[in-house]
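User: Please take a close look at the strand pairing in this model, and cover the helix packing as well.

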Amino acid sequence: MHRLFIARIVVLSLIFIGLCALRPARFSKPLPASATIPLHTDYPVPVNQSPDWGFFAHKRINRLAVLTLPPEMMVFFKPNIDYVTDHAVDPDMRRYATKHEGPRHFIDLDIHGHAPFADLPRQWTDALMAHTDVWIVKSTGDTVLLFGKQKPLQEVWQRDYKKWFSSQVMPRFYQDETELNVDSLQTFLDFMGRKERPKSAFYQEHLSEHGTLPWNLQRMQRQLTEAFRQRDGRRILKLASDFGHYIGDAHVPLHTTSNYNGQKTEQHGIHGFWESRIPELFADDSYDYFVGKPEYVERPEDWFWQMVFDSNKMVDSVLTFEKALRRSFPLDRQMCPDMRSGMMSVMPCRDFAAAYQDALNGMVERRLRSAIHSVGSAWYTAWIDAGEPDLSKMGAPVLSEEERIEAERLRKTFEQGKILGRAEDH
Ligand SMILES: [Zn+2]
Ligand SMILES: [Zn+2]
């Protein structure tokens with residue numbers, strides 16, 4: 001009995017010593033050169049690393065956008081600046097709760113051809129229609145493609161098809177249903193003089209998988225304008241916070257390409273390097289945030305497209321300069337250990353990040369500034385289009401019980417940490 005007790009103590013002590021040995025050492029910044037560890041092109045992405053611009057940049061964008069607003073808007077937004085700041089990352093949290101959220105944060109423009117992307121439909125219904133296949137199951141049991149990219153409809157039928165699509169496919173798309181109403185389809189086929197007699201029908205959409213960011217921005221602009229029109233303070237704040245997030249994403253070059261994390265060019269991890277690591281290191285000390293007054297946007301739709309096209313033009317530099325720097329910069333000074341939330345990880349070193357930032361000629365700062373100005377301009381435009389409602393009497397809306405529960409649910413799923421859909425794409 002006594003021997004067993006001693007044995008237990010020995011085992012427990014060994015486990016304890018083992019855990020101590022495993023516990024990572026703390027490194028204070030700046031790291032001594034001797035603390036750097038050589039690493040190759042792959043950046044291990046730490047488990048707790050936040051996605052997107054990083055929570056840091058998203059919050060900063062929304063906060064500083066408030067400070068660009070005219071007094072008539074400031075009177076409402078300033079007292080709620082903490083709400084707009086804290087909720088700047090809600091859309092990212094939703095990515096852990098629903099698979100539908102992910103596509104709203106990016107667009108793989110390269111999948112849609114080349115600049116000026118003439119074939120890419122600027123309107124949501126047209127885009128969804130162009131990237132949706134409609135299939136029928138015949139009485140023989142065969143499944144056949146009826147309309148779709150491989151089976152385009154003649155020009156003459158396009159208008160009627162759009163009507164049918166809008167009334168039959170769109171509502172189902174939002175309800176997450178893929179089965180189509182066969183009678184309605186039959187009516188449309190008869191109208192076209194087609195001979196098919198489908199037993200059942202369904203559709204498959206291929207747009208979301210490549211991202212829906214610019215169309216989502218259009219939707220947000222309409223919704224925010226409507227919320228201003230309704231003078232619904234709570235909704236204004238929620239939508240303005242979300243909208244700020246998506247506009248922020250639209251300013252990140254790697255949110256506009258299918259090579260979003262350098263995975264196609266052996267630059268894995270470059271996403272977080274550009275949008276999280278660099279702002280975290282330098283945005284506090286060296287960035288200039290004076291962006292001036294917001295501007296009224298005449299044609300928001302075109303403006304959003306231009307925003308992602310501008311980001312997309314920078315993708316090449318983002319990738320090329322990093323690759324070149326990897327070759328020229330001393331290998332043992334590229335990646336440094338980093339400690340956060342009690343976890344050890346490896347991150348691009350400060351000097352290496354500074355060299356990348358310089359090579360990009362301050363691109364990260366420019367995009368951050370542009371994002372702040374754009375968010376202010378989008379909010380301002382929505383308010384003007386809503387007829388400049390008087391916001392002075394709205395005060396600070398209190399969260400309803402439902403909203404509180406929803407916020408709590410988001411936070412929980414986020415903490416569990418499983419992104420539904422593509423990681424690092426947002
Ligand atoms: Zn991102
Ligand atoms: Zn995002």
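Analyst: What follows takes the strands and then one pair of helices. This is a predicted model, in which local features need pLDDT of at least 70 and side-chain atom pairs count only at pLDDT 80 or more, while totals for chains, interfaces and linings use all residues. Residues are numbered from 1 along each chain as its sequence is written, and chains are lettered from A and ligands numbered from 1 in the order in which they are written.

Helices (H or I, at least four residues) and strands (E, at least two) are DSSP runs, numbered from the N terminus. Two strands pair if DSSP finds at least two bridges between them.

Four strands make up an open sheet in the order 2-1-4-3, and their pairing is antiparallel. Strand 2 (143-147) and strand 3 (179-180) are the edge strands, each pairing on one side only. Strand 1 (residues 132-137) is joined to strand 4 by 6 bridges, and the two run antiparallel; here Thr 132 has Glu 205 of strand 4 as its bridge partner. On its other pairing, strand 4 (residues 200-205) meets strand 3 in the antiparallel sense over 2 bridges. Leu 180 is partnered by Ala 201 in strand 4, and Glu 179 is opposite Phe 202 of strand 4. In a regular strand the side chains alternate between the two faces of the sheet.

Strand 5 (residues 335-340) pairs with strand 6 (residues 343-348) over 6 bridges, in the antiparallel sense. These two strands form a hairpin with 2 residues between them, and Ser 341 in the turn has a positive phi of about 50°. Arg 340 faces Met 343 of strand 6 across the pairing.

Turning to the helices, helix 9 (residues 213-230) packs against helix 15 (residues 363-385) at an angle of about 50°, with the axes 8 Å apart. Axes are lines fitted to C-alpha atoms, for helices over the stretch in contact, and angles run from 0 to 180 degrees between N-to-C directions. Helix 9 is therefore oblique to helix 15 (angles under 35 degrees count as roughly parallel, over 145 as roughly antiparallel, 65 to 115 as roughly perpendicular and the rest as oblique). On the helix 9 side the contact is made by Gln 221, Leu 224, Thr 225 and Phe 228, and on the helix 15 side by Ala 378, Ala 382, Trp 383 and Asp 385 (contact: C-beta atoms, placed from the backbone, within 7 Å).

Methods: Two residues are in contact if their C-beta atoms, placed from the backbone, lie within 7 Å.
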